Amino acid sequence: MTAPAHPVRYRVEYGAVRFLGGLFCLLPHALAQGIAWCLGRVAYGLMGKRRREALRRLRLVLGPEVPEKTLRREAWLSFRNLIFNLVDMLRIRRFGVRALERQIPQYGACIAHLREVLAQAKGCGIILALPHCGNWDLAGSAVFLAGLPIFSVAGKQRNPYINRYLNVCRSGHGMEILERGESGGRVYLQMLKRVRNGQIFAILPDSRSFTSALSVPFLGGEANLARGMGLLACQAGAPIVPLVMRRVGWRRFHFTFYPTLWPQEEAPREAEELRLTREVIAHFDAAIRETPGQWFWYNKRWVLDPPQG
């Protein structure tokens, strides 16, 4: 058996993440976020290259008329929210229904809306489409705690120890996480079967696909996005529910649902995949421009970069 690459570094990284996870779970939520805020300010000051790239992206999207001070504020808010998301994910099992009701004032109405769409789907599941805004991991856990069958797919981290730990954290109180890997076809068949059987699939469709896929207008350019969301909707006959989650202050969230999109059986498959994806992304585009600090501008896979092949 081949020894794992960089085993010492992997174990050190894992130990650091587990230490932070344990610390953030022991402390009151506000204090954990306060410590993370301080660490985040230090990290933000040191990450010159990534910070400059985020500012470049913001300028590219928002235009030359936006003051530099505004861009810097939005870039910091985006990074701060990412740090807060990490805190929330590491302590996600401590968020029960009552805590979620405090954090998400619309919690009951949101769950009722999803139940209504499931009823309209008549035995089929739904596709819950979220952009990288607010806290997408917490959104999935909130739906699961309400008793709705939800699952998601996560990419595989390079560090195997951290990969296992983060998947446990993401699963929250029991939501199943399928791991994206080399057997993509097998994972897709699992997704298709689950949605056809009435489960909710939570997906983040606003990331660039590595290979040529769907060309969709997004953030002032043409984004190359994966066809998975549209393809799954068409093959399963499942509706897509677009949802934007925004962080309000430090610990509250606001949910915005957009009109449910139903695949048209009589439409050509490829055209329908494109239509569904374009309509979802158009909602996300408007939401990001309205509150740019809510979106993840630091993603290494910049959504407007061309595909690799």
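## A walk from H29 to the sheet and a cavity

Start by selecting H29: its relative accessibility is 13%, so this residue counts as buried, the cut-off for that being under 20%. Keep in mind as you click around that this is a predicted model.

**Stop 1: around H29.** Colour residues 29-46 and you have helix α2, the helix that holds H29. Now, which residues is H29 in contact with, leaving aside its neighbours within four places in sequence? Show D88, R91, F95, Q103 and R251, and you have them.

**Stop 2: a hairpin.** Next, select residues 240-248 for strand β7 and residues 252-257 for strand β8; the two pair in the antiparallel sense, over 6 bridges. Want to see some partners? M245 stands opposite F255 of β8, while R246 has H254 in β8 as its bridge partner. With 3 residues between them, β7 and β8 form a hairpin. Click on G249 in the turn: its phi is positive, about 70°. While you have strands on screen, here's a handy rule: in a regular strand, side chains alternate between the two faces of the sheet.

**Stop 3: the whole sheet.** Zoom out a bit. In what order do the strands of the open sheet come? Reading across, you get β3-β2-β4-β1-β7-β8, which makes 6 strands with mixed pairing. At the edges sit β3 (176-179) and β8, each pairing on one side only. On average, neighbouring strands of this sheet are turned by 30° against each other, direction ignored.

Now add residues 68-90, helix α4. This helix packs on the sheet and touches β7 and β8, and its direction makes about 100° with that of β7. For another helix, select residues 160-170: that's α8, lying across β2 (150-154) and β3 and running at about 145° to β3.

**Stop 4: empty space.** How many cavities of 30 Å³ or more does a search of the whole structure find? There are 3. The largest cavity holds about 40 Å³ of space. To find it, select its lining: S78, N81, L82, N85, H132, G134, W136, G293, Q294, W295 and F296. You've already met one contributor, as α4 gives the largest share of this lining, 4 residues. Try colouring the lining by class: you'll get 4 nonpolar residues, 7 polar ones and no charged ones.

Conventions:
Residues numbered from 1 in each chain as written. Predicted model: local features only at pLDDT ≥ 70, side-chain atom pairs only at ≥ 80, totals over all residues. Heavy atoms only, no water. Pairing = 2+ DSSP bridges. 1 Å grid on protein atoms, 1.4 Å probe; cavity = no way out; pocket = protein on both sides within 12 Å on 5 of 7 lines; lining within 4 Å. Points joined across faces, edges and corners; volume = space filled by probe spheres on them. Nonpolar A, V, L, I, M, F, W, Y, C, P; charged D, E, K, R; others polar. Axes fitted to C-alpha atoms, helices over the stretch in contact; angles between N-to-C directions. Contact = heavy atoms within 4.5 Å. Buried < 20%, exposed > 50% of the residue type's maximum accessible area, 1.4 Å probe, protein only.
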